[in-house]
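Reader: I like to see how labels are earned. Could you walk me through a few of them?

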Amino acid sequence: MRLDKFLKVSRVIKRRTVANEACDNGRVSINGRPAKAGTQVKPGDVVTVEFAGGSTKFEILAVEENVKKANATEMYRIITSFVLAVFIVFGTIVGFTGCNKEAETRLGSSYVMTVGDTKVYDEQFCYLFSQTAEKIAGVDYTPDWLRENMDDVIEAAEKYAFDVAALYNSGVESGFELTEEELYMLKNKISDTLLYNLEINQNKDIKTNDEMCLYLTGMNVQEYVRFAVFTETADKYAEHLSADYAPSEQEQMDYYTNNKENFKACNIGMIYISEKSKAEEAFNLLKNEIYPFDIVAKGWSEDEAVLDNSGVITVTKTTDNLPAKVVKWVFSQESSTDSYEMIHVENLGWYILKFNEVLAYENCEELKKEVFETMKEEMISDKIDVYEYDFDRDKASKAVDAFLEDRKI
């Protein structure tokens, strides 16, 4: 697993973009050596993350693709954490006082959606919109991509916002509001993120927690705390609903068979190279059969995430760490071939690809996980109460336009 993905899945750093930034700024090391976002991690590795005011060192105990929030801490063992001690003592004071009166008046100003009695405010929807755009686009995310796909992203963000609000409502009605301890821990996490980002963004004219929070999320601290309580409560209730969900292997197989058009997994060889001349040289080595694929992959590929498997990876329809052009090519193939394809992705580089095979459901763990997660999502949706619902799309579009303009996107 890539380092940035481990940091996100384990929730050491909650957002993958922040994890990437930490790696790019030399604030993460593995076994005492600076590490890149794409560095592969394994159990036994000792990772150090430098935060504002201190650092956290931990040993990786397990590497898992999908982990429930409650079990995330089982993936690692804290060795030392000066940061933890600082924020337990000072987190609430540093992170959640000093919001100026002007910022406080923003709280609850305007909303674009109602689900039952719950309102989704403009700034909350814009934040969900940005998360949705990142998820759909993956590595293809650019301002141009966003402008071209604006309507689709708003539609997807509408569904996302509704699901979160409905889960929140059902969770509150079922007694799953955050406890005082959970609320305290949540505030400390937010404080941690703000302090860290204040330090790494020292070149920007951002001095206070509110300014940093507005810069990162489009919300001031009070607004973001309210939003975080909203989403954490929804997550808590979703985890409760799915805690004992265990469809049989036959049920999962039947679901896959009945929805086969929505699922596909392929095995491919991939070599990523950032420079055109080097990519062409590697491509010619393969095309002229001078070296086999695994040798060229180990000698030329710059994507450390695939080198442990000699450049061979599995791609499914939910793979989010490959460019859309690459994924589109993969799923246009139907059978094994001895030929190679070289695809250029603007602002990223060159991908040399070899299609190996379409994987059968029975032999593909990634596909089984995808089927299970889809079944679980449908089960959760079926268990959520039905609420009266209203969405002002025009107002949401204007709010998003203002949000993007403010960020010069």
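Author: Happily! Let us begin with one bridge: Glu341 has Leu353 in E11 as its bridge partner. The model is predicted, so local features need pLDDT of at least 70 and side-chain atom pairs 80 or more, while totals for chains, interfaces and linings use all residues. Residues are numbered from 1 along each chain as its sequence is written, and side-chain values use heavy atoms, without hydrogens and water.

Reader: How do you know that E10 and E11 pair?

Author: Strands pair if DSSP finds at least two bridges between them. E10 and E11 (residues 349–358) have five, in the antiparallel sense, so by that rule they pair. Strands here are DSSP runs of E, at least two residues long, and helices are runs of H or I, at least four, numbered from the N terminus.

Reader: Which order do the strands of the open sheet have?

Author: The order is E9-E8-E11-E10, with antiparallel pairing.

Reader: What makes E9 and E10 edge strands?

Author: E9 (312–316) and E10 (341–345) each have a single partner strand, so one side of each lacks a neighbour in the sheet. Neighbouring strands are turned by 40° against each other on average, direction ignored.

Reader: On to the rings. How many aromatic pairs are found in the whole structure?

Author: There are 17. Rings of Phe, Tyr and Trp (its six-membered ring) pair if their centres lie within 6.5 Å; planes under 30 degrees apart are stacked, over 60 edge-to-face, and the rest tilted.

Reader: What kind of pair do Tyr111 and Tyr121 form, and why?

Author: Their centres are 6.3 Å apart and their planes stand at 85°, so the pair is edge-to-face. Tyr111 belongs to E6 (residues 111–115) and Tyr121 to E7 (residues 118–121), so the pair ties together parts 10 residues apart in sequence.

Reader: Why is Tyr121 called buried?

Author: Buried means under 20% relative accessible area, exposed over 50%, and partly exposed in between (1.4 Å probe, protein chains only). Tyr121 has 15%, so the label is buried. Tyr111, at 36%, is partly exposed.

Reader: What makes the pair of Phe293 and Tyr340 stacked?

Author: The planes are 5° apart, with 6.3 Å centre to centre. Phe293 counts as buried at 11%, and Tyr340 counts as buried at 19%.

Reader: How do you know that a charge sits over the ring of Tyr111?

Author: NZ of Lys or CZ of Arg must be within 6 Å of the ring centre and within 35 degrees of the ring normal. The charged end of Lys119 sits over this ring, 5.3 Å from its centre, and the charged end of Lys395 does so at 5.6 Å.

Definitions and conventions
Axes are lines fitted to C-alpha atoms, for helices over the stretch in contact, and angles run from 0 to 180 degrees between N-to-C directions.
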